[in-house]
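Let's take a walk through this structure together, one region after another. Have the coordinates open as you read, and follow along at your own pace.

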Amino acid sequence: MPSKKEMAALQAKHDALESKVNTLTKEKGSLAKDLAAANKAKASTVSQVTSLENELKTSRDDASKLKDAAAGAEKQLSDATAQIEALKAQLEEMSSGAGAHSKQAEEAAAAAARVHDEDQAKILALTEELDKARGDSEEVAKQQGEAKMEVERLNAELVTSVAGMAALRIEVSGQMSALTAENEAKLARITAQSEADSAAKEQALAQVIELKEENQETQSLQEMVDLMRGQLEKEYAMRTKAEKALLKTKARVAGREKQLQQKSDSIEATVAEATHLTTHLTHTLNGVASRQNEGLGQQRVKYADRVRLCRELGAQIGASADMLGAAGQYEAAEGVLLSNVRMKEGAFGGNHPEVASTFQQLAHLCEAQGDWRRALDYVEQSSSRALDYSRQKEEQEAGGQ
C-alpha cells in the first residue's frame, strides 16, 4: 500500500497533468477560433476577388466599348478624308474648266475648307477620346494586376496559416496522446494499489453509510418533533385568538341586543302614546261634531273657536305622526295624517292652506320611506290646493271691490 506522501505526490502529478490537459484543450479551442477566423478571412478574400473580377469584367466591357468607339471614329475619319479628297478632285476639275466657273470653284473651295476644318475638329475630339480610352484601359489593366497580386498574397498567407495550424494540431495531438498514455499508466497503478485495500474501504464505507442513515433518522425524528411543536404552537395561538374574537363578538352582540331592546321599548312607548293621543283627539272631534249637530243655542261652538280648536288638534295630530314616523311606524303615521286631512277638510274646506300643509307632511313621510312616486303625488295635491285657495281669495277680493 502506498504511503500518504506517495499518494499526495501522485495526486499532485495527476492534478498537474489535468491542468496541462486543460491548457492544451484551451489552446486547441483557441486554434479552432483562429482557424474559423482564417476561414472567415478566406471567405472575405474570395468575396473581394469576386468583386475585383466583376470590376475587371466591367472595365473590359468599357474598354471594348471604347475600342468600338475608337474604331467608329477612325472610320469617320477615313470617310472624312475620302470626302476631302473628292472635294479636292472636284476643285481641280472646276479649276481646269472655263473661267466662267471660277466663282463656283471659289465657293466649292471655301466649302471644302469648312468641311476640312470641321473634320479636323472631329478628328481631334475622337483622338482625345481614343487617348482617354487607352488611358482608362491601362488603369484597368493596372488595377487588375494589383488585384491579382493581392489575391496571390492572400492565398499565400492562407496556405501558410493552414499549414501552421495543421502542424500545431499534429503537435497538440501528439502531446495529448502522450499525456493520455501516461495518465492511463498512473491510473492503472493507482487502481492496482487501491484494489488491495478495497475490503477495508468497503467495510469503512458500510460503517459510514450506517452512521449516516442513523444520523438521517435522528434528524428526521427531530424535524418531525420540531414540526409538530410548531403546529401545536400555531394551533394554540389560533385558538387563543379565536377565543378573544368570540368574547368580543359576544360583547358586541350583548350591546346590540341591549340597544335593540331599548329601541323596541322606546318604539312601544311612542306607539302607545300616539295611539292614546289619537284616541283622545278622535273623541274630542266626535264631541265637537256632536255639539255642532245638537244645535244647543248658547252652548253652540263659534266658528272662531272651532278654527282654533281644529288647528290645535291638527298640530297635535301632526306631532303624533312625526313621532310614529321617527319610530319607524310609517303606516300608522300615514293613517294619522290622512285622518288629520279629513278633519281639516271638514273644518276649513278642501283648499285651505292647513290641508295643503298636511299633504306636505305626507310627502315628507313618503320621502323618508324612499317612496318618491307617492311623495310626488302628495306634493302635487298640496300645490293644486294651495293654488285653488289663492285663486278663490283673489276672486273674493275682486268681488268685494
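Ala41 counts as partly exposed, because its relative accessibility is 40%. You will find Ala41 in helix α1, which covers residues 4-96. Please keep in mind that this is a predicted model. From Ala41, look across to Leu154: the two are 113 residues apart in sequence, yet their C-alpha atoms are 9.0 Å apart in space.

Another such pair is worth a look. Lys132 sits in helix α2, which spans residues 102-196. Its C-alpha is 9.0 Å from that of Leu66, although 66 residues separate Lys132 and Leu66 in sequence. Is Lys132 buried or exposed? With a relative accessible area of 59%, Lys132 is exposed, since the word applies to residues over 50%.

Now step back to the chain as a whole. It contains seven helices and zero strands, so reading from the N terminus you meet α-α-α-α-α-α-α. Of the 401 residues in the chain, 18% are buried.

Next, turn to helix α3, residues 198-294, where Glu210 has its place. Glu210 belongs to a negative surface patch, together with Glu213, Glu214 and Glu217. The relative accessibility of Glu210 is 46%, so this residue counts as partly exposed. That value also fits the patch, because members must have over 30% relative accessible area and no salt bridge.

Moving on along the chain, we come to the largest nonpolar core. Which of its 17 residues touch the most other members? They are Phe359, Leu362 and Tyr378. At least two residues of this core come from each of α4 (303-326), α5 (330-348), α6 (353-369) and α7 (372-400). Helix α6 gives the most, with six residues. As background, nonpolar side chains tend to be buried together in soluble globular proteins.

The charged side chains deserve a tour of their own. How many salt bridges does the structure hold? There are seven, and three of them can serve as stops here.

The first stop is within helix α4. Glu312 and Arg308 form a salt bridge, with their closest N and O atoms 3.4 Å apart. The two residues are four apart in helix α4, so about one helical turn separates them. Both ends can be judged by their accessibility: Glu312 is partly exposed because its relative accessible area is 40%, and Arg308 is partly exposed because its value is 45%.

The next stop takes us between helices. Glu354 and Arg311 meet through their side chains in a salt bridge, at 3.7 Å from N to O. Because Glu354 lies in helix α6 and Arg311 in helix α4, this pair ties together parts that are 43 residues apart in sequence. Glu354 has a relative accessible area of 22%, so it is partly exposed; the cut-off for buried is under 20%. Arg311, at 42% relative accessibility, also counts as partly exposed.

The last stop joins Glu334 to Arg374, whose closest N and O atoms are 1.9 Å apart in their salt bridge. This pair links distant parts of the chain, with Glu334 in helix α5 and Arg374 in helix α7, 40 residues apart. Is Glu334 buried or exposed? Its relative accessible area is 12%, so Glu334 is buried. Its partner Arg374 counts as partly exposed, because its relative accessibility is 31%.

One more feature completes the tour of charges. Arg311, Lys344 and Glu354 are joined into one network by salt bridges that share partners. If you return to Arg311 and Glu354 in your viewer, you can see the bridge between their side chains that we visited above, and then look for Lys344 as a further member of the network.

Terms used:
Residues are numbered from 1 along each chain as its sequence is written. This is a predicted model: local features need pLDDT of at least 70, side-chain atom pairs count only at pLDDT 80 or more; totals for chains, interfaces and linings use all residues. Side-chain values use heavy atoms; hydrogens and water are left out. Patches are made of residues with over 30% relative accessible area and no salt bridge: like charges are joined within 9 Å, nonpolar side chains (Val, Leu, Ile, Met, Phe, Trp, Tyr) within 5 Å. Accessible areas come from the Shrake-Rupley method with a 1.4 Å probe; for residues, only the protein chains shown count as cover. A salt bridge is a side-chain nitrogen of Lys or Arg within 4 Å of a carboxyl oxygen of Asp or Glu. Lys and Arg count as positive and Asp and Glu as negative; His and the chain ends are not counted. The place of a charge is taken as NZ of Lys, CZ of Arg, CG of Asp or CD of Glu. Buried means under 20% relative accessible area, exposed over 50%, partly exposed in between (1.4 Å probe, protein chains only). A nonpolar core is a set of buried Ala, Val, Leu, Ile, Met, Phe, Trp, Tyr and Cys residues joined through side-chain atoms within 4.5 Å.
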